[in-house]
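Colleague: I have a structure here that I should like to go through with you. May I show it to you?

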Amino acid sequence: MNKYQKATSFIEKYYKNNIVINLSPSYGYRSRCEFGYKNNFYTMCSPSGDIIYLDTFRVARPSIQALMPKLLNHINKSNVLKTKLFQINFRSNRKNRILVSLIYHKLLDDEIKDLADIIANILNISINLRSKNNLYSTHSDLLEDDIEHLETILYQTDQSFYQPNHFHMPEMITKAISYVKDPKDLLELYCGSGTFSLPMRKLFNKIFATENNRQSIRCLNKSINEQNIKNFFHARLSAEEVSELFAGRVFKRLKGIKISDFNFSHVLVDPPRAGLDKDVIRLISKFKNIIYISCNYETYERDVKNLKGFTIKNIEIFDQFPNTKHLEIVSLLSRN
């Protein structure tokens, strides 16, 4: 049984309509890639744990594929750059601007910073040099991503989560937006840098979004300030802390935001693969409409089973990671 059959067999217990599966190209889709560095090559681990040596990576966006051997050549020609280098990460935006992170087990001195500046200019990229408690950026350490048809500019750092599939990311946002009927205010948990909620700002009267990652909050702040968004409020809270907030706990991090000022018609959750814990399930069960973005159909089924009194109204599958066991789900659950 393949992953599509497994996922649909779970979902069909709760949803009787046809389940649309959106496919992705098998290659050239990843806009975020992470590699080790060893013996003058990029490295990855095979499922069996063996080291795979690479000079490029067909799954990456074409802009990253083209850059990888050029950057590797520059690194391998310089003992300063290659010594104590253990990780190389790539991020590309929709306009093929690339942020590269070179991560070291050594201090960053002026010589390595000067070399990074030179290579960044030659290859027309941005480079972050990182070591313990140390960061040097040849340009901004943030990567801007303009989702033009959604009139939204998003930001990411090399330490924040960002949807990696170049093709499916905007499609998933558009699909989630299409599920929204009779909007009032929106609560979002696990908001990241605002990938879903920032494009929804024109649908809802007000949005309150929460996220525990400091780098994601930093990116979210930049989007809000640069686009002069007035109806978007946020706080650095974990999903579990939001449950405590609704139970009456006071957080200084709210900075004057009052939950009583909102009239939530929808809640949006996009949790990690572990899904939702019991406290979060209990919290979101208080809302009429739940937009649930899931990256694990097994924990999704468990959570839907625990959301007593809710029915899946709309659902689609997005194969964000072809040739792997993973699938992404975009769904709307409404109270019966």
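Modeller: Let us begin with one residue: Leu 150 is buried, at a relative accessible area of 14% (buried means under 20%, exposed over 50% and partly exposed in between, with a 1.4 Å probe and protein chains only). This is a predicted model, in which local features need pLDDT of at least 70, side-chain atom pairs count only at pLDDT 80 or more, and totals for chains, interfaces and linings use all residues. Residues are numbered from 1 along each chain as its sequence is written, and side-chain values use heavy atoms, with hydrogens and water left out.

Colleague: Where does Leu 150 lie?

Modeller: Leu 150 is in the loop between strand S9 (143-147) and strand S10 (152-156). Strands (E, at least two residues) and helices (H or I, at least four) are DSSP runs numbered from the N terminus.

Colleague: And which residues does Leu 150 touch?

Modeller: Leaving aside residues up to four places away in sequence, Leu 150 touches Ile 173, Thr 174, Ile 177, Pro 199 and Arg 201. Contact here means heavy atoms within 4.5 Å.

Colleague: What share of the residues in the protein is buried?

Modeller: Buried residues make up 54% of the 336.

Colleague: Changing topic, at what angle do H1 and H9 pack?

Modeller: Helix H1 (residues 3-11) and helix H9 (residues 297-306) pack at about 5°, with axes 10 Å apart. Axes are lines fitted to C-alpha atoms over the stretch in contact, and angles run from 0 to 180 degrees between N-to-C directions.

Colleague: Which residues make that contact?

Modeller: Lys 3, Lys 6, Ala 7 and Phe 10 of H1 meet Tyr 297, Glu 298 and Glu 301 of H9.
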